[in-house]
Amino acid sequence: MSGSLYRIRGLRKWAAFTCAILNGLVGGTPAVFALYAPSFQRPPLSYTSLQVNLLGVACQLGLYLTVPVIGWVCDTYGPAYIAGFACVSALPAYVLAAEAYTHPQWPTAAVLAGCYAVIGTATVSMYMSALSTVARNHPRSRGLSMALVTASFGSAGLWQVQLADKLFRSPVTGELDLPRLFFALGGMVSVVAFVSTCVLASYKTPGCLACLGSRSSRSRRQSDFIRQHFTRRGIDADSTSSASIAPSTEDANDDDDAADEETALLSRSIELDKATASVRISTFLKDHSSWWYFLAFILLAGPAEVFINNVGTMYYALGPSPLGALTTIVSPSASTQVSLLAAASTFGRLAFGGLCDVPLISRSAIASKMVVLLVAAGCSTVGFVWLATGASSQDRFWPAPVLVGLGNGGIFTAYPVIVSVVWGIDNLATYWGLLAVAPAIGGSAFAIVYAKLYDAAANATSPPTAALCRGVRCFNLAAAYFAASNAIGVALLAGALVVWVRRFRVRHDA
């Protein structure tokens, strides 16, 4: 490739990276839900907590259940196609939601649920198009580049919540003007998605291709393992390639160590490199450790999703005045809590994503990254413990969004990075798409648990508070369940770490 063409491709690659970051900064509009969710419990809709949480569940289902299909489309046809879907779907969904909110005589619950499902799908389309683009274009700094994308999605809530609080509040009632806010959010997403459709693409440089093609020299022990790995699944490893894998020499040790960070543990041989995509996916699904990883994701991400959607309601429950009174329920203090959560999530994505590129444990890339994930999950667990035991007033509430945001941001950054290390980047969007169903399952189940406990506490008050609960009893029991769920998830991750270290340990003797 000539120098000029090389530079042009490099410019296009960085333009795609910039657009991927912009995707995140604008596309993460569901984060604003936590700010205006209490408005659904006020007239004209007067929803219960269960009804509000079902709207959040609808968004989560669109956000996560569609990821396998979206990931496959992204891997097969490119990121521009799924960005195009976001372009044509986000604005109509938000416009219809605005109309449903102003017409309570409509079947608003069904209409709003459908709108939020589409909004969730548009959001994940923007996320997956951005994540896949940077993972393929920047393999040498995959952890940091993917962390920047996920951090941009986390920071979307930070600035969008403040913008909504300052520009879309009614001067008469002090509450958010939801129809105008919905129009603005839908318009922003559609415009940025249109730009992404034109810019996002995979631009692999010759150096990157050469790097990927130079990894056929691995130890005999690795070759023997992968042959056994395929043989157990009825696959003839020798038929996939006529070449034999020579054992590593001392001269090749340094090169192999450098390549470990860019080569998937299941892609370290000619056999697997030449396996078909269906074989790779089948191997992924038959790997029992992938199911441990999946279950841990359900237990970690589910409670966090519920907390993110209800942080505003929880904060109001600790307020000094009855929430059922005709007073403003959307205050700058609440927006500060939501922004604090978004800021902590953004910092967690950047910090833990950067640590994913640091060899914390020598000679073990997977162990280093799993330690990062375990620390992030621990932060989230401590946050729920505080929510259950220490958040007794609004002044003592802030550690919960900080710790949960920090942990959740780290989890959503480290999870796809570890997927790319263990199972490869060639089908990253598909693998991650299969795993990303977990937050929808966990979020739906824990949302129902939380809403039932909240509504029961609201109904137990005397006099009734018109579906709005007050006091720490509104959420402390649910928070205890969330903490226990996170603790079990951490234990499952520790088990997966032991399996992977034993399976893929790479030792280079001096």
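Colleague: How many aromatic pairs does a search of the whole structure find?

Modeller: The search finds 31 aromatic pairs. Bear in mind that this is a predicted model.

Colleague: Take Y127 and F153. What makes the pair edge-to-face?

Modeller: The ring centres are 5.0 Å apart, and the limit for a pair is 6.5 Å. The planes stand at 85°, and over 60 degrees counts as edge-to-face. The pair is therefore edge-to-face.

Colleague: Where in the chain do Y127 and F153 lie?

Modeller: Y127 is in helix α6 (residues 108–137) and F153 in helix α7 (residues 142–167). They are 26 residues apart, so the pair links distant parts of the chain.

Colleague: Are Y127 and F153 buried or exposed?

Modeller: Both Y127 and F153 are buried.

Colleague: Which residues do ring pairs link into a cluster?

Modeller: The cluster consists of Y64, F284, Y293, F297, F412, Y415, W423, Y431, W432 and W500.

Colleague: Which residues touch the most other members of the largest nonpolar core?

Modeller: Y293, W432 and W500 do, in a core of 77 residues. Helix α17 (residues 399–423) gives the most to this core, with 11 residues.

Colleague: What does W432 touch, leaving out residues up to four places away in sequence?

Modeller: W432 touches V67, Y127, M128, L131, F297, F412, Y415, P416 and V419. A second, separate core has 65 residues, including A34, V306, Y316 and Y450.

Colleague: Turn to the charged side chains. How many salt bridges are there?

Modeller: The count comes to 5 salt bridges.

Colleague: Why is the contact of K166 with D165 called a salt bridge?

Modeller: The closest N and O atoms are 3.6 Å apart. The rule asks for a Lys or Arg side-chain nitrogen within 4 Å of an Asp or Glu carboxyl oxygen, so a value of 3.6 Å qualifies.

Colleague: How do you know that R169 and D165 also meet in a salt bridge?

Modeller: Their N to O distance is 2.1 Å. With the cut-off at 4 Å, this pair therefore counts as well.

Colleague: And what makes D177 and R180 a salt bridge?

Modeller: Here the N to O distance is 3.1 Å, and the same reasoning applies because the limit is 4 Å. Elsewhere, salt bridges that share partners join D165, K166 and R169 into one network.

Colleague: Why is K166 called exposed?

Modeller: K166 has a relative accessible area of 57%. Exposed means over 50%, so K166 is exposed.

Colleague: Why is D165 called buried?

Modeller: The relative accessible area of D165 is 6%. Buried means under 20%, so D165 is buried. R169, with 19%, is under that cut-off and is therefore buried too.

Colleague: What makes D177 and R180 partly exposed?

Modeller: D177 has a relative accessible area of 25%, and R180 has 40%. Partly exposed lies between the 20% and 50% limits, so both residues get that label.

Colleague: Which residues form a nonpolar patch on the surface?

Modeller: L22, L25 and W159 form it, with about 220 Å² of accessible area together. L22 is found in helix α1 (residues 3–27).

Colleague: Why does L22 count as partly exposed?

Modeller: L22 is at 36% relative accessibility. That value lies between 20% and 50%, so L22 counts as partly exposed. A patch residue needs over 30%, so 36% meets that condition as well.

Colleague: Now helix α8. Why is S190 called buried?

Modeller: S190, found in helix α8 (residues 178–199), has a relative accessible area of 10%. Since buried means under 20%, S190 is therefore buried. Beyond residues up to four places away in sequence, S190 touches A86, C87, A90 and L91.

Colleague: How do you know that S196 is buried?

Modeller: S196 also lies in helix α8. Its relative accessibility is 0%, and the cut-off is 20%, so S196 counts as buried. Leaving aside neighbours within four places in sequence, S196 is in contact with C19, N23 and A83.

Colleague: How many helices and strands are there in the chain?

Modeller: The chain has 20 helices and 0 strands. Buried residues make up 58% of its 510 residues.

Definitions and conventions. Residues are numbered from 1 along each chain as its sequence is written. This is a predicted model: local features need pLDDT of at least 70, side-chain atom pairs count only at pLDDT 80 or more; totals for chains, interfaces and linings use all residues. Side-chain values use heavy atoms; hydrogens and water are left out. Helices (H or I, at least four residues) and strands (E, at least two) are DSSP runs, numbered from the N terminus. Buried means under 20% relative accessible area, exposed over 50%, partly exposed in between (1.4 Å probe, protein chains only). Contact means heavy atoms within 4.5 Å. Patches are made of residues with over 30% relative accessible area and no salt bridge: like charges are joined within 9 Å, nonpolar side chains (Val, Leu, Ile, Met, Phe, Trp, Tyr) within 5 Å. Accessible areas come from the Shrake-Rupley method with a 1.4 Å probe; for residues, only the protein chains shown count as cover. Rings of Phe, Tyr and Trp (its six-membered ring) pair if their centres lie within 6.5 Å; planes under 30 degrees apart count as stacked, over 60 as edge-to-face and the rest as tilted. A nonpolar core is a set of buried Ala, Val, Leu, Ile, Met, Phe, Trp, Tyr and Cys residues joined through side-chain atoms within 4.5 Å.
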